[in-house]
Amino acid sequence: MHADIESLAADAAERFVAAAEASRGPRFDVVLTGGSTAPAVYRLLAEEPFASRVDWRRVHVWWTDERCVPPDDPRSNYDAAREALLDRVPIPCEQIHRMRGEDPNPEREAVRYEAALRADQALARGEPPSFDFALLGLGGDAHVASLFPGSSTAALSDRLVAAVRSGEVAMPDPVVDRLTLTFSALNGARAAVFVVAGDGKAAALRAALEEPADPVLRPASGIRTAGGPPAWLVDRAAASLLSGAG
Ligand code: 6PG
């Protein structure tokens with residue numbers, strides 16, 4: 001448990017860099033979450049002592065999800081990552097794989113993004129993506145990415161990317177159509193790290209960690225990656241309802 005978000009973000013940045021340093025081969029594929037917590041990690045990664053420890057030329061960036069808004073919209077997860085990290089480190093632009101939230105047809109973009117992921121990683125049919133590191137956030141309703149409680153998207157097993165219509169399921173602001181990786185894609189990661197801060201997440205964190213795993217009711221509990229269970233980096237406020245919390 002971390003005292004505050006600064007400590008939590010530094011831990012997440014260290015894990016990202018350590019995974020990059022440990023990875024072998026020509027590329028390091030990461031999946032970035034949206035939301036307001038993760039940018040604290042992105043800003044640290046763009047600065048010393050972290051930035052120079054990563055060979056950014058090897059890095060490929062994917063997203064867990066995106067709001068269906070233009071890329072320069074303040075609600076865009078791409079825009080948040082661009083401002084905090086991508087504009088500040090030398091990742092080749094063709095290795096930044098943005099979900100095109102501006103497409104007025106989210107289902108069409110979900111198909112395109114899935115095809116791009118399969119082609120770029122040369123995935124065989126049925127083969128999960130090979131992400132080296134996934135940074136994830138937890139919603140106050142225990143959602144992950146844009147996999148919201150009660151959504152039928154959680155049950156999709158043959159898709160890597162799906163569109164979530166805002167009228168289909170209850171979702172927190174911004175209430176807009178979304179694009180999201182599915183569990184089939186997210187669980188292809190070799191390592192996954194949740195960053196969770198604030199007392200607004202305490203009930204969701206307790207449910208995700210202490211109630212029976214249920215990817216429909218508590219989507220974050222459905223994260224079980226190839227490399228094992230995710231790491232949970234939480235601050236004291238978010239952990240306040242966990243059993244044993246002082
Ligand atoms: C999004 C995110 C979402 C986020 C959680 C936590 O598009 O909003 O991808 O899954 O990670 O909702 O968000 P906060 O960090 O803002 O609490």
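Trainee: How do the residues of the shell around the ligand divide into nonpolar, polar and charged?
Mentor: This is a predicted model, in which local features need pLDDT of at least 70, side-chain atom pairs count only at pLDDT 80 or more, and totals for chains, interfaces and linings use all residues. Residues are numbered from 1 along each chain as its sequence is written, and side-chain values use heavy atoms, with hydrogens and water left out. Ala, Val, Leu, Ile, Met, Phe, Trp, Tyr, Cys and Pro count as nonpolar, Asp, Glu, Lys and Arg as charged, and the others, Gly among them, as polar. By that rule the shell holds two nonpolar, 10 polar and four charged residues.

Trainee: Which of the 16 residues around the ligand come nearest?
Mentor: A residue is near a molecule if one of its heavy atoms lies within 4 Å of it. Of the 16 around the ligand, those that come nearest are Ser-36, Thr-37, Asp-65, Ala-145 and Lys-201.

Trainee: How far is an oxygen atom of the ligand from an N or O atom in the side chain of Lys-201?
Mentor: A polar contact here is a pair of N or O atoms within 3.5 Å. A backbone N or O atom of Gly-34 lies 3.2 Å from a ligand oxygen, and a polar side-chain atom of Asn-77 lies 2.9 Å from a ligand oxygen. For the side chain of Lys-201 the distance is 2.4 Å.

Trainee: How much of the ligand's accessible area does the protein cover?
Mentor: Accessible areas come from the Shrake-Rupley method with a 1.4 Å probe. On its own the ligand has 410 Å², and the share covered by the protein is 88%.

Trainee: How many salt bridges does the structure hold?
Mentor: A salt bridge is a side-chain nitrogen of Lys or Arg within 4 Å of a carboxyl oxygen of Asp or Glu. Such bridges link Glu-14, Glu-21 and Arg-53 in a network. The structure's total is 20.

Trainee: Is Asp-29, the salt-bridge partner of Arg-27, buried or exposed?
Mentor: The closest N and O atoms of this pair are 2.7 Å apart. Buried means under 20% relative accessible area, exposed over 50%, and partly exposed in between (1.4 Å probe, protein chains only). Arg-27 has 22%, so it counts as partly exposed. Asp-29 has 2%, so it is buried.

Trainee: Which residue meets Glu-211 in a salt bridge of 3.0 Å?
Mentor: Glu-211 is partly exposed at 26%, and its side chain meets that of Arg-206 at 2.3 Å, N to O. The 3.0 Å bridge is formed with Arg-218.

Terms used
A polar contact is a pair of N or O atoms within 3.5 Å; within protein, one must be able to donate a hydrogen and the other to accept it, and residues adjacent in sequence count only if both atoms are side-chain atoms.
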